[in-house]
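Thank you all for making time this morning. I would like to walk you through a structure that will be new to many of you, moving from single residues to helices, cysteines and the open space between them.

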Amino acid sequence: MPFTPQHTDYTKSPYTGLTRESWIEAGTYMMKGLFQNIRSFRDPVVMPRKETKVTYPHSKDAVWEIKAEYFEGLTRSFFIAAPLIRDNPEITVEGYKLRDYYRSHVLRSTTPGDPVSVGTYAELQQFSGDTLRCFQQTVETCALVICLWITEKEIWDTYTKEEQDQIAGFLRGYADGNTVPQNWRLFNMMDMAFLDMHGYPIDEDIMKNHASAILAYSAGDGWYRDGHAFDYYSCWAFNVYAPIWNLWYGYQKMPYVAERFEEISNRLMETYPDMFDRDGFTNMWGRSCIYRNAATSPFDGNLMLKHPTADPGLARRICSGSLMQFLSRDDFLYKGVPTLGFYGQFTPLVQGYSCAESPYWLGKAYLCLALPADHPFWTAVENNGSWDKLKKNEVKQTALNRPALCFTNHEANGETILRTGKVVRRNGDQHAIWNYGKLNYNTKFPWEAAPICADREEKIIAPFVESQQYVLVDTTSREKELANVTFWYGVREGVLYRRQFFNYDIDKECHWIQAMNLADFPVPYGIFRADRMRLFRCTADLTLGAYGFPDNGTEVIRKQNGSGQAVILRGKDHTGKPKQMAMTIFGGFTELEILHSTGSNPDSEHSILPFARVTRTKQYGYEPFYLFSQVITKEDLTDFTEDELFPVREIRYTDPEQCGGYGPVVVALKDGTERTIDFDGIEGGLML
């Protein structure tokens, strides 16, 4: 059953009704689902797993994977349990007193030889035979120390000195041990800070090494670069752990670094709220989407700083909105446990480093309950930030060049659309391209995987179409090419410029790689595209998909206006909420079609994917270079107007052939807006 809060206050929380009591109820709801699957007090937090091929443990004999799973289940669920225990030390769920259960299992997890021991660092090194290897347990020690900090009086202080020393010795192995050179360094820092805070000596050189490296990952605009990609790890890792590290260690012992961490967190707060939509929804983007509303945890981290700048009323509104984005759905849980998906089970987004308990990382969102009841986060009246200030049909566009993120808030439909750059994925890594390389990410239309279409009673993948992606197909070899690299130029006169390369390979010069020059700008209900082909080899088919549309009974409407073609889908999502989407093509494309798919949409079992197509047959023909299209959406079934479907008044070219082979192209809209598309000069400004 979906979660329904019993305590609401629409005076204090006019948008969500949720209060601190509501959040405690939500945490208890999550704990009930978890403990329904634990048969006895001595059993570890091992949950039923609906997916068994991608996630670990990969076999019943994978002892060390099983131990890692024990630790993930314990520590990540502790994120939710810890603030509940601090709020009410006697809280009992499904017959288990949470304080007693977690107190016992934390100690047992660090006890060599115990059936639920998760392995000391030395044991894991000996098992692997690799002195440089990193282990999943390092990740989980960070969650453990945060939760022991939250429950210091209720759990940590109740251990004997001998028991505390045992836990500290266990932590020290991971604190000083090898780690992954990205956000993982913070796990080691948090372990060391916890030890230092409790009087245990640490190697300060290791701390300084990690802290200086983390600071060096700062990219600007409040974001950190975590490898090639920018994603929510910058937020739910760097901008949560760094503020807590400041409290434990940094403010006192590394004040310069602590001050910088605080500045970065505050800089993030300047724009981060606008990455969520009018309902507070989190976008499905980047890896580890199974962590869902953990994306709201940077607000909690910021509000723990000495000098936070987050708006507490807006922060609570977003945190509560994103919480209900997931807990209000009937497909969110599988046997009481968050699915390995975004809403229901959705294997296409799942990574092999996850297990059934991994989704409890979303428990970071519950760190807000570690803030006292009289904190402004709980006492301020909710507000909706930018959404309260937008005029009718206004779009607010935020472009951050350093992390290569452009997000738009659309007053007309309340959606937020994210466009990204500086994307480098391995050639052929379709999964990573879905996570990072799509043209748009929409809070109300989560990304669709490759469509799977029925053909002669068998399911086959439709190989030449992807949602919010161009797909290039050599018409001779039928080889499919996906854009695995996205360069970023930035916004100029309201237009975002990027370039995508198909099957990018570092061993090839770029002029031997097919590419698209991308130019797009927001319109009230979506994004208008004016992309230019940069092909060196023909013949080729090129397709462009819209968002995947949840198909729970959908009306399909086709319209034409001059040379413009539109397909409109009207229906509802899994929860019964009305949805509407239209894809329009204006020039360059020759066909507009739809695909019916099963099992490729994270919201619904069945979906429909509109897509446009064009074929280039001449190797060096002077044919149209530009492809004009738009995708617009609504959260209701009121008709799109003719001008919304076909907003173009005229397109003015520089070349007399009106192909756009050279010179600026002006897109004049019926509302009087004009956008000049000019790729001249972007070559020297592309960033990766």
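Let me begin with tyrosine 470, which is buried, with a relative accessible area of 1%, and which is found in strand E14, the run of residues 470-474. I should say at once that this is a predicted model, so please hear every value today as a computed one. If you look from tyrosine 470 to lysine 438, the two lie 32 residues apart in sequence, and their C-alpha atoms are 8.7 Å apart in space.

Two further buried residues make useful landmarks as you turn the model. Methionine 581 sits in strand E23, which covers residues 578-587, and methionine 581 is buried at a relative accessible area of 1%. Between the C-alpha atoms of methionine 581 and proline 656 the separation is 35 Å, with their positions 75 residues apart along the chain. Isoleucine 202, for its part, is in the loop that runs between helix H7 (185-197) and helix H8 (204-216), and although it belongs to a loop, isoleucine 202 has a relative accessible area of 17% and is buried, the cut-off for that word being under 20%. From isoleucine 202 to glycine 113 the distance is 26 Å, C-alpha to C-alpha, for residues that are 89 apart in sequence.

Now to helix H2, which deserves a little more of our time. Helix H2 takes in residues 63-87, 25 residues in total, and from its first C-alpha to its last it reaches 36 Å, close to the 36 Å expected at 1.5 Å a residue. Where does H2 bend? The bend, of about 50 degrees, is at phenylalanine 79, and a proline follows within four residues, namely proline 83. As for its surroundings, 20 of the 25 residues of H2 are buried, so the helix is largely enclosed by the rest of the structure. Leucine 84 belongs to helix H2 and is itself buried, with a relative accessible area of 2%. The C-alpha atom of leucine 84 is separated by 37 Å from that of leucine 400, and the two residues are 316 apart along the chain.

Next, some points of backbone geometry. As background, most residues other than glycine have a negative phi, and most peptide bonds are trans. Against that, tyrosine 56 and proline 57 are joined by a cis peptide bond, with omega at about 0 degrees, and proline 57 lies in the loop between helix H1 (20-35) and H2. Another cis peptide bond joins cysteine 538 and threonine 539, here with omega at about 20 degrees, and threonine 539 is in the loop between strand E18 (526-534) and strand E19 (540-545).

Turning to phi, aspartate 221 has a positive value near 60 degrees although it is not a glycine. Aspartate 221 is in the loop between strand E3 (218-220) and strand E4 (223-224), and at 7% relative accessibility it counts as buried. Serine 288 likewise has a positive phi near 60 degrees, in the loop between helix H10 (255-271) and helix H11 (297-303), and serine 288 is buried with a relative accessible area of 1%.

What about the cysteines? A disulfide is a covalent bond between the sulfur atoms of two cysteines, and a search of the whole structure finds 0 of them. Why is cysteine 319 not bonded to cysteine 368? The sulfur of cysteine 368 is the closest cysteine sulfur to that of cysteine 319, yet the two are 5.8 Å apart, which is too far for a bond, because a disulfide needs the sulfur atoms to be within 2.5 Å. Cysteine 319 is buried, at a relative accessible area of 0%, and cysteine 368 also counts as buried at 0% relative accessibility.

Finally, the open space. The largest pocket has a volume of about 370 Å³. Which residues are closest to its centre? Of the 25 residues that line this pocket, they are Phe281, Met324, Gln325, Ser328 and Lys577. Helix H12, residues 312-327, provides the largest share of the lining, 5 residues. By character, the lining divides into 7 nonpolar, 9 polar and 9 charged residues.

That is where I will stop, and I am happy to go back to any view.

Conventions
Residues are numbered from 1 along each chain as its sequence is written. This is a predicted model: local features need pLDDT of at least 70, side-chain atom pairs count only at pLDDT 80 or more; totals for chains, interfaces and linings use all residues. Side-chain values use heavy atoms; hydrogens and water are left out. Buried means under 20% relative accessible area, exposed over 50%, partly exposed in between (1.4 Å probe, protein chains only). On a 1 Å grid over the protein atoms alone, a cavity is a set of points where a 1.4 Å probe fits but cannot get out, and a pocket is an open set with protein on both sides within 12 Å along at least five of seven lines; lining residues have an atom within 4 Å of a point. Grid points are joined across faces, edges and corners, and a volume is the space filled by probe spheres set on the points. Helices (H or I, at least four residues) and strands (E, at least two) are DSSP runs, numbered from the N terminus. Ala, Val, Leu, Ile, Met, Phe, Trp, Tyr, Cys and Pro count as nonpolar, Asp, Glu, Lys and Arg as charged, and the others, Gly among them, as polar. The expected span of a helix is 1.5 Å times one less than its number of residues. The bend at a residue is the angle between axes fitted to the seven residues ending there and the seven starting there.
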